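Subject: Structure handover

Hello,

Here is the structure we talked about. Please have a look before reading my notes below.

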Amino acid sequence: MLGDVFDTEDLPVRDRVEAWREITANALVPNEFRVDPASGFRASLRAANLGGAQVAAMTYGSHRTRRTPRLIRRSDPEMYAVGLVLRGVQGILQGRCHACLDAGELVVYSTSHPFETVVDVRDGVAASVVVQVPRALVPLPPSRVDRLLAARLPGHEGVGRLLAGFLVHLSTDTGPCRPADGQRLGGVLVDLLTAWLAHHADAVDRTPAETRRGVQLLEVQHFIRRHLGDAELTPAAVAAAHHISLRSLHRLFREHAGGTTVAAYIRAQRLAAARRDLADPRLASRPVHATAARWGFPRAADFTRAFRTAYGTTPSEYRASAQ
């Protein structure tokens, strides 16, 4: 999903800090950068542009950064930046707010206001995912969002968990991404980020209906993926779990999921999960019918027929070729 951009392992130690300053200025925004020259600084960056949203997955050693008024006057893309800490303890100061963030926590900050960050790593490297979105794409009053800048926000619950999970998926998925896919993923990311900000800014009612429906679809799809092994997972059960009518659920998918039906989405996710298991050498001894039952296909014949229709081969043939 994200392309490799930079790795200090490709450079002599003496050139790493300056090269990192330049690459982050291009991929994110220009900052002053300080690091202990004796630390043997290490860092890496993978990035992608998804429909206007810039996503960067980074690792780095201990350092400090400052975005000063002078740098802002020189160049300001007017972005909101949201960071998810994956590893290490990291701090940020913007305005009068300061956050000390642990792994799994989120923070939002603005490229239009000065800020400082500090990363202190005693062993190995820290890691994070940062997404930058133009303020113009976030349909919330700036005064409401500004109250959240440099605040410590959880990534383990509610919409924060959905946003964090989506960022982790973007940073770890190694599959190809076509331009059209990038545009769609960028739209989903902006919708999810907007709903997350709206939730914390107590401005849900000001979030456009389109954004709320997009987030609702994400929540429904997340529920489906967590219950794929349940043979009783039907469109009616999904609708009941989200306290909406079956008609509303079908309309949600028709209007916001590219026209696919709820049943088709469930079937496709089950088949994809089964295909991953069939390709996993650690599960080579598991019978095909057991894999089918594990992912909600109690009848092996139904599974084989659906698998052949989707992938043009039988489950057994696919397992043999994959392994």
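Which residue in β8 does L93 stand opposite? The partner of L93 is H98. Keep in mind throughout that this is a predicted model.

**The open sheet**

That pair belongs to two strands that run antiparallel. β7 covers residues 90-94, and 5 bridges tie β7 to β8. Both strands sit in an open sheet of 5 strands. The order is β2-β5-β10-β7-β8, and the pairing is antiparallel. The edges are β2 (32-34) and β8 (97-101). Each edge strand has a single partner, so one of its sides has no neighbour in the sheet. On average, neighbouring strands of this sheet are turned by 10° against each other, with direction ignored. As background, strands of a sheet pair through backbone hydrogen bonds.

**Around β6**

Next, take β6, residues 79-87. This strand is mostly covered, with 7 of its 9 residues buried. β6 pairs with β11 (residues 126-134) in the antiparallel sense, over 8 bridges. β6 also pairs with β9 (residues 105-110), again antiparallel, over 5 bridges. V82 is a good place to start on screen. V82 stands opposite V131 in β11. V82 also stands opposite V108 in β9.

**The nonpolar core**

V131 comes up again here. The largest nonpolar core has 40 residues. Within this core, V131, L189, W196 and L197 touch the most other members. Several elements each supply at least two residues: β3 (43-50), β4 (53-60), β6, β9, β11, α4, α5 (179-200) and α6 (209-226). Which helix gives the most to this core? The answer is α5, with 8 residues.

**Helices α5 and α4**

α5 has 22 residues, which should span 32 Å at 1.5 Å a residue. The end C-alpha atoms of α5 are 32 Å apart, so the two values agree. Buried residues of α5 include G182, G186, L189, V190, L193, W196 and L197. A helix has 3.6 residues a turn, so residues three or four places apart point the same way. Just after α5, D202 takes a positive phi of about 55°.

α4 (residues 158-172) has 15 residues. From first C-alpha to last, α4 reaches 22 Å, close to the 21 Å expected. Its buried residues include V159, L162, L163, F166, L167 and L170. G160, A164 and S171 of α4 are buried too.

**Aromatic rings and arginines**

How many aromatic pairs does a search of the whole structure find? The count is 9. Ring pairs also build a cluster, with F297, F303, F307, Y311 and Y318 as its members.

Two arginines deserve a look. R294 lies over the face of W295, at 4.0 Å from the ring centre. R267 lies in α9, residues 262-279. Is R267 buried or partly exposed? R267 counts as partly exposed, because its relative accessibility is 42%. R267 and G296 are 29 residues apart in sequence. In space, their C-alpha atoms are 8.9 Å apart.

**Where to look**

For a quick tour, begin with L93 and H98. Then go to V82 and its partner V131 in β11. Finish with R294 over W295.

Best wishes

Note on methods
Residues are numbered from 1 along each chain as its sequence is written. This is a predicted model: local features need pLDDT of at least 70, side-chain atom pairs count only at pLDDT 80 or more; totals for chains, interfaces and linings use all residues. Side-chain values use heavy atoms; hydrogens and water are left out. Rings of Phe, Tyr and Trp (its six-membered ring) pair if their centres lie within 6.5 Å; planes under 30 degrees apart count as stacked, over 60 as edge-to-face and the rest as tilted. A charge sits over a ring if NZ of Lys or CZ of Arg is within 6 Å of the ring centre and within 35 degrees of the ring normal. Two strands pair if DSSP finds at least two bridges between them. Helices (H or I, at least four residues) and strands (E, at least two) are DSSP runs, numbered from the N terminus. Axes are lines fitted to C-alpha atoms, for helices over the stretch in contact, and angles run from 0 to 180 degrees between N-to-C directions. The expected span of a helix is 1.5 Å times one less than its number of residues. Buried means under 20% relative accessible area, exposed over 50%, partly exposed in between (1.4 Å probe, protein chains only). A nonpolar core is a set of buried Ala, Val, Leu, Ile, Met, Phe, Trp, Tyr and Cys residues joined through side-chain atoms within 4.5 Å.
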